[in-house]
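Q: Could you take a close look at one part of this model for me? I'd like to go through the open sheet strand by strand, and then whatever else is worth a look.

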Amino acid sequence: MKSSVLYIVNPISGRKGKKRRIIRRLQKSGCKIAYTRFAGDAVDLAHNAVEDIVVAVGGDGTVNEVARGLIGTGKTLGIIPCGSGDGLARHLGLSARTQAEASVSGAGVRALDWGTINGRPFFSVCGTGLDAIVSERFAKAGRRGVWTYVKEALATWKNFKPLHYVIDIDGQHLETDAVLITCGNSSQWGNGARITPLAKSDDGLLDVTVLKMFHSVEIPVLVWRLMTGSLHKSRRTICLRGKSIDIHCSGPVGPVGSVGSAGPGNNVPMTFPAHFDGDWFAAGPDLEIRIMPDPLRVLVG
């Protein structure tokens, strides 16, 4: 029996030219398409769908919304990536062309773990620190794309100071200053940047990369390691793995997005950005990150 499929398209996200070509192909094939109207709309569209397979057409944010709507429904998630980074799709080895064809003709299904950060579901990566501040700046920049992200990252790094963290992972305790802490169900932020290179999306665990402070002259080497999947071999990283991660950032009160040296009397924010699947939110000093016991089904080519 052939599965029924609904395609959920975010019309304003990602690479619009590529998306238009995908939509034309789907329309020509007579596929059922629903367009999101506002942030969060994809969650309800996916949850209320009567189809067996619900395909997110967009970037990591669209994938996150559709996947959230499918939690507990038993339906299968499909992904046609056409966003700015497409971290989860790249990790799973999915391309827009193969997924468009697979969702129409039928293909294999595998398990996809998911987690929560302070109760917010995520399916690729989450964390706090430098990358979360960059995510906030990127969201407010008004332009998408990898070069905008690089520009905001360099501007943030210019005045960045590390924060002090207390981390507990499945009973293992760590206290350290860090540039960022990323928890990955998948291996990358997007665009091939593998921040948690050893992560697997179906092993029931989250991989944690703690990046310690480094000098600006080390950036080219760290970027090379990030793009080649060897960041875990750097002396600047601590790599851990677990199901239950608690992170506490210590420091006095400061404005959202500000940074400073940790310790009494210094300007460390008690409210600061955290991120999940490419979106940022204002978090307090404590983050509770958990892997959940009921994986989704995801369509693969």
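A: Keeping in mind that this is a predicted model, the open sheet has six strands, and reading across you get E7-E6-E17-E14-E9-E10, paired antiparallel. The two ends of that row are E7 (120–122) and E10 (172–178); each has a single partner strand, so one side of each is left without a neighbour in the sheet. Go from strand to neighbouring strand and you find a turn of 20 degrees on average, ignoring direction.

Now zoom in on one pairing inside the sheet. E9 (residues 163–169) and E14 (residues 244–250) run antiparallel to each other, joined over six bridges. If you want a spot to click on, try His 164, which sits opposite Ser 250 of E14.

Away from those strands, have a look at helix H6 too. H6 covers residues 130–140, and eight of its 11 residues are buried, so the helix is largely enclosed by the rest of the structure. The buried set is Leu 130, Asp 131, Ala 132, Ile 133, Val 134, Ser 135, Glu 136 and Phe 138. What do they pack against? Their partners are helix H7 (146–158) plus four strands: E8 (125–129), E11 (180–184), E15 (272–276) and E16 (279–283).

Ser 135 is a nice one to pick out of H6. Its relative accessibility is 8%, and since buried means under 20%, Ser 135 counts as buried. Skip the neighbours within four places in sequence, and Ser 135 is in contact with His 275 and Trp 280. Finally, just past the end of H6, Gly 142 has a positive phi of about 90 degrees.

Note on methods:
Residues are numbered from 1 along each chain as its sequence is written. This is a predicted model: local features need pLDDT of at least 70, side-chain atom pairs count only at pLDDT 80 or more; totals for chains, interfaces and linings use all residues. Side-chain values use heavy atoms; hydrogens and water are left out. Two strands pair if DSSP finds at least two bridges between them. Axes are lines fitted to C-alpha atoms, for helices over the stretch in contact, and angles run from 0 to 180 degrees between N-to-C directions. Buried means under 20% relative accessible area, exposed over 50%, partly exposed in between (1.4 Å probe, protein chains only). Contact means heavy atoms within 4.5 Å.
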